[in-house]
Structure formats: structure tokens, C-alpha cells
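Morning, everyone. Please put the sequence and the model up on the screen, and I will talk you through them.

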Amino acid sequence: MASELNKLTIAEASAMLRKREISALELTRDCLERIAAAEPKLNAFITVSEKEATEQARQADARLASGGDEAPLLCGIPLGIKDIYATTGVRTTCASRILENFVPPFDATVIERLRSDGAVFIGKTNMDEFAMGSSTENSAFGPTLNPHDTGRVAGGSSGGSAAAVAAHECLGALGTDTGGSIREPASFCGVVGLKPTYSRVSRYGVIAYASSLDQVGPFAKSVRDAAIILRTLAGKDPRDSTCSARAVPDYERALTGDVKGLRIGVPKEFFVEGMEPEVEKSVRAALKTYESLGATTAEISLPHTGYAIAAYYLVATAEASANLARYDGIRFGLRVDAENNISLNEITRAQGFGAEVKRRIMLGTFALSAGYYDAYYLKGQKVRTLIRNDFERAFQKCDLIVTPVAPTTAFKLGEKMNDPLTMYLSDIFTISVNLAGLPGMSIPCGYDSKHLPIGMQLIGPPFSEETILRAGDAFERSGASKPRATAI
């Protein structure tokens, strides 16, 4: 591939498109060529929308030609879409056999907004089935491999989106984050991943896992690119009653590079025994960089962090068991004929759902069952309140909290598949943010001795995305962590 336009950032490509130095069609074709070359080794996409993307690119070029200076920044930009978003006329599988042939008749709200901006949808990315997992090994279409080392996982559940951006198959992508499913794969793949405040972005048309935890967010090659995508995604949606009506700021304007006086809290509970020493070293070095830029750091405590995993897997699985009840073999999706409706329901669900989804449905059903609701689900919600209160107290002393994203870099394929509890612990540093409904972002802060990326997590109070983006951008500008080429 001679031009390698696919390696541009969104900000770079948008500027060139507006000046007519490149065309959206050229940019899209470069991405499609890269997908064709990389996918046999990567498996980041479930569906590649070559025909649709080409037509969208042509329409974007026409729009840019007639008024390029007025066109939105995402006009003509190829994006990957996690296969959990409803997309008109393009199948939406949720990486599950039960929805393998489902083609939605409507768009999710965020898809509508991206279409309105003239974005190009290059394809639907791979994921853990129904977003349940931390490695994208639970996909019915096979695991996504890490572009830095194809013997390792890409993270999950949005591993396909993270890997696609890291491998330059697209310029940005959408994911969802229920307990870390944007931030963890972003860390493992060495890209930026942003989980906004719960309610900042509409969830209408996003297939639900756990409704009080799920949140939409972008993957990008830079913090600036993440800010550009978020501005389009965020905002009130009358079709989502949980979506905030708060005005959407221009997130790019927050990227001043200045963090002087910023107070950064460092929770002692997030630097624990068992963490890889290189991960801790890299994050602590990043904190020193912030101090050199004029920020201050101080140790804080989030005392209920140790209960977060248990609380999350009670709340999330309970909500999942209710949300996934709709897949009954009658209304849509897979249908396995049987002698009566009860058998049809049982056989369809048995054949359509994978092992991890079945496990979480059973856990959730048990937690909600008579005699156990108060002991498990209700207690989990009470712990959730304690965790939220911990953060509220912490943010009285600091503007931002910095932690590792995960205790390790990307682990080997199959390493944790037979031990669900060990797999669940991969999310130990990200889950609290979802339970409290806070914004969090993963940005690359270094590499280990195996040349695997290490991510740093920035956490802020509700609706503080501008602060998080400003701090992330300042770190990028410092040059403390330079991106490395992927192995493929």
C-alpha cells in the first residue's frame, strides 16, 4: 500500500479532506486494503461493509466538494463499529449465534449521528458475545488477536474495535464499556479508549448487557481524535430516558496542553500485590511526568474498592438475565423448531448462547430469585453506593484520579479461559468507575519488556470529560510515551 492514508489520525485526515488533498474514497480504500491484508492474522471484524463504505465515501466526497469548510470533522472518516450497535441493513450479531443473521431495520442513535456527520462505516467489529468478557475470546466468530503479539488477547469485550484502530484498519471505532470493556482493550492494544459519564451518550439501539452500567464510547489513535468523536456522540436523546440533557461542550477546545495546578489523586488500593512491576513502574513514571508539567499528586484512599468485583458481578449478571430474556426463539434471531414453545425456547437458547453468556444468565437469575434477592442483588447495590461515596469524598481533595488500567499487559490466548474468576479479576481497576457512573479514559503510557502496551487510566467526577481529555492530551504532548509499530 503506497499511500498508507489509513495511518493518519482523524484530525490529520479531516484537515486533508477539507483541503481536498485526499479524497474520502482514497482513504476508505486504503483502510479496506489494510483490512484485507491484516484480517487473516487479526480477526478484528465480523462483517466488512465494503459496498456500503465505498458508497458512503463517495457521498462524503460530494459533500466536501460542495462545502468542505462547513463539513463536520468526521465527514469521510472510516470508522469501525462494535457489532453491538443496530445498523440499518447491516447485520448486527453481538458476536452470538443467536443473532447471527439478524439485520436491524433501524439505526442506533449514535449511528444516526455519525451518519449525519458523513462518517464512513468500514465494518462491524468483533467482541465478546453480548459484551460478556475481558478478552474477546468469547466470540462465536473466534477470538480477536492482539496486533502487537498475535499469541495474545486484544482485551474485551470491545477487542475488535481496539485491535482495528491499533492495526490501522480504521481511523477510529466505537465500543461499549460495562465494566472496563473500552479501557482494558485500549490498554492492551496501545490506543486511546474513552468511557464517558453514564448518561452522557445515548444507549438507544445498543444491544443491552447491563443497562445501569453500559456506556458508549470511542477508540482513537489520539486524545484529540477521541474528543472529536465524543462531541458527535454526546447529547440528549428523547428515545433514551436515562440520557442527560446537559449541553455538550466543544471537547477539542479543552485540549490546551496546560495541567498546571491540576490535583491528581493516586489511590493506594489500585497498586496491589500481584500487579506486574513494569505496569506499576510505567504508571508511576507517568505521574512524575504530570508533576513536571505543573500538576500535583497525592495518595488517596478508595476503601471499598476490594468489594467492587463482587458487587459488579451481582448487579451486572442480574441485569443481564433480565435483558437476555427477550431472546426466546420467537420474536427475532435464531429459532430452533420444537414440539412446543417451552421446548423451542430451551433448545434455541441452549444452541444460541455461548458458555460465558449462559454462566452469567444463571448467576443473575440466582441473584434475583426468591429468598436471595436481599442477600445478593440488594446488597450489591448497597455496596455500589458505598463505592460511589468513596469517589465523591476523593474528588473533594483532587480533580482527577490516575490508576493503572489493568494489573497486567495483554495475556496469552487461552491463559484464563478455564478459570472465570481469574478472568474476572482482569477488570479489577476499571469496574468501580462503571459502578459509580464516572468517566474514565485509558491512554498509552509505555511498554513492557515484551513490547506490549501499558495503559494509564484517568478518572474524573461526573461530566468532567473536558478535564480528562485535557490531562490526556497534555501527557501525549509531553512525548513521554511514543507509539510503536504493531507486529502485523
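I will go through rings, strands, cysteines and cavities.

Ground rules first. This is a predicted model, where local features need pLDDT of at least 70, side-chain atom pairs count only at pLDDT 80 or more, and totals for chains, interfaces and linings use all residues. Residues are numbered from 1 along each chain as its sequence is written, and side-chain values use heavy atoms, with hydrogens and water left out.

Rings, then. Two rings of Phe, Tyr or Trp (its six-membered ring) pair if their centres lie within 6.5 Å; planes under 30 degrees apart count as stacked, over 60 as edge-to-face, and the rest as tilted. How many aromatic pairs does a search of the whole structure find? It finds 16.

Take phenylalanine 188 and phenylalanine 411. They are edge-to-face, 5.8 Å centre to centre, with 90° between the planes. Phenylalanine 188 is in helix α6 (residues 183–189), and phenylalanine 411 is in the loop between β11 (400–404) and α13 (420–424), so the pair ties together parts 223 residues apart in sequence. Helices (H or I, at least four residues) and strands (E, at least two) are DSSP runs, numbered from the N terminus. Both phenylalanines, 188 and 411, are buried. Buried means under 20% relative accessible area, exposed over 50%, and partly exposed in between, with a 1.4 Å probe and protein chains only.

Next pair: tyrosine 312 and tyrosine 313. Also edge-to-face, at 4.8 Å centre to centre and 85° between the planes. Buried or exposed? Both tyrosine 312 and tyrosine 313 are buried. Elsewhere, ring pairs join Phe102, Phe130, Tyr327, Phe332 and Phe353 into a cluster.

Charges over rings. The rule: NZ of Lys or CZ of Arg within 6 Å of the ring centre and within 35 degrees of the ring normal. Arginine 97 puts its charged end over the ring of phenylalanine 141, 4.9 Å from the centre. Arginine 484 does so over tyrosine 447, at 4.7 Å.

Now strand β13, residues 453–459. Seven of its seven residues are buried. Pro453, Gly455, Gln457 and Ile459 point one way; Ile454, Met456 and Leu458 point the other.

Which strands pair with β13? Strands pair if DSSP finds at least two bridges between them. β11 pairs with β13 in the antiparallel sense over four bridges, and isoleucine 401 has isoleucine 459 as its bridge partner. β12 (residues 440–447) is antiparallel to β13 too, over seven bridges. There, serine 442 stands opposite glutamine 457. β12 and β13 form a hairpin with five residues between them, and histidine 451 in the turn has a positive phi of about 65°.

Cysteines. A disulfide here is a pair of cysteine sulfur atoms within 2.5 Å. By that rule, the count is zero. For cysteine 170, the nearest cysteine sulfur is that of cysteine 31, 6.7 Å away. Cysteine 170 is buried, at 0% relative accessibility. For cysteine 445, the nearest is that of cysteine 189, at 15 Å. Cysteine 445 is buried as well, at 7%.

Last, cavities. On a 1 Å grid over the protein atoms alone, a cavity is a set of points where a 1.4 Å probe fits but cannot get out; lining residues have an atom within 4 Å of a point. Points are joined across faces, edges and corners, and volume is the space filled by probe spheres set on them. The structure holds three cavities of 30 Å³ or more. The largest has about 50 Å³ of space. Its lining includes Tyr312 and Tyr313, along with Arg360 and Asp427.

Methods:
1 Å grid on protein atoms, 1.4 Å probe; cavity = no way out; pocket = protein on both sides within 12 Å on 5 of 7 lines; lining within 4 Å.
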